[in-house]
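Thanks for coming. I will go through one protein, starting with its overall build and ending inside it.

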Amino acid sequence: MPAPPSSALLRIDTEADIDTGLAHLIAADPRLAAVLATGGHPPLRRRPGGFAGLAATVLGQQLSTASAAAIGARLFAAIDPFAPAAVLKARPDRLARIGLSAAKIKSLKEIARALQDGSLDLSAIATMPADEAHAALVAVHGIGPWTADSYLLFCLGHSDAWPAGDLALQEALRLAFGLDARPTARQMIAIAEPWRPWRGVAAFLLWTYYRTVKQRDPVLPAPPTPAD
């Protein structure tokens with residue numbers, strides 16, 4: 001199956017898009033057929049985008065499902081409408097009472113500042129290839145690689161987003177391919193290179209495999225977010 005150009009901006013918006021991605025992946029790497037047979041068809045996972053979606057992704061990092069959902073619900077109720085100017089005006093002690101750590105408060109304010117001064121343009125990022133979009137996101141203080149890749153994949157449906165640093169994804173790949181050790185983020189990038197431009201569907205596939213094998217879903221649902 002010929003691969004689309006690497007610069008093609010493909011999206012995972014429907015179940016049909018997942019099917020297209022799976023067909024490409026199995027043709028490119030037949031080992032993934034066994035992963036699909038064991039784990040089953042991956043579900044479509046999408047979340048709201050924009051500033052609210054990015055903020056929810058920041059909140060979800062290194063927090064349990066329940067904690068992220070509770071803090072997100074309080075944050076979006078307290079700052080409504082949820083906009084960069086309102087976040088910048090919010091007192092840190094007020095945000096701390098909502099449940100945000102000092103690091104997350106700083107991250108949200110830095111992101112809000114970048115959106116206000118134009119150094120971060122989420123509309124432009126939505127049109128960029130995965131690697132370019134990733135670089136633009138992590139250039140902002142408070143947006144790490146995991147947050148950038150998760151935003152691209154879940155909020156934008158970017159077909160080639162690849163959260164190489166995700167521990168559950170690394171463990172799923174170790175189990176699926178019978179590796180002696182969990183691959184590093186650098187090794188994950190090398191392994192997934194032949195899967196372009198559908199690495200995002202590969203991530204969904206491997207998370208679904210993990211859920212089947214481990215009997216728990218490694219993907220944390222984002223807190224409810226208001227419309228931008």
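**Overall build and core**

What you see is a predicted model. The secondary structure of this protein consists of 13 helices and 0 strands. If you read along the sequence, the pattern is α-α-α-α-α-α-α-α-α-α-α-α-α. The radius of gyration is 18 Å, and the globule rule gives 17 Å for 228 residues; these are close, so the protein is as compact as a globular protein of that length. Along the principal axes, the C-alpha trace spans about 55 × 35 × 30 Å.

Next, contacts. Take those with a separation of 6 or more: 69% of them are between residues 24 or more positions apart.

Now the surface. The accessible area of the protein is about 10,200 Å², and carbon and sulfur atoms hold 57% of that. As for charges, there are 22 positive and 20 negative ones, and their mean positions lie 9 Å apart.

How many of the 228 residues count as buried? The share is 45%. In soluble globular proteins, nonpolar side chains tend to be buried together. Here, the largest nonpolar core has 65 residues. Helix α13, residues 199–214, supplies the largest share of this core, with 9 residues.

Which residues have the most contacts inside that core? They are Leu120, Trp162 and Trp195. Let us take Trp195 as an example. Leaving out residues up to four places away in sequence, Trp195 touches His24, Leu25, Asp29 and Leu32. Trp195 also touches Trp162, Leu173, Phe177, Ala202 and Leu206. So two of the core residues just named, Trp162 and Trp195, touch each other.

That is the end of my part.

Conventions:
Residues numbered from 1 in each chain as written. Predicted model: local features only at pLDDT ≥ 70, side-chain atom pairs only at ≥ 80, totals over all residues. Heavy atoms only, no water. Helix = DSSP H or I, 4+ residues; strand = E, 2+ residues; numbered from the N terminus. Rg over C-alpha atoms; globule rule 2.2 N^0.38 Å. Buried < 20%, exposed > 50% of the residue type's maximum accessible area, 1.4 Å probe, protein only. Contact = heavy atoms within 4.5 Å. Areas by Shrake-Rupley, 256 points an atom, 1.4 Å probe, with all protein chains shown as cover. Lys, Arg positive; Asp, Glu negative; His and termini not counted. Charge placed at Lys NZ, Arg CZ, Asp CG, Glu CD. Core = buried A, V, L, I, M, F, W, Y, C linked by side-chain atoms within 4.5 Å.
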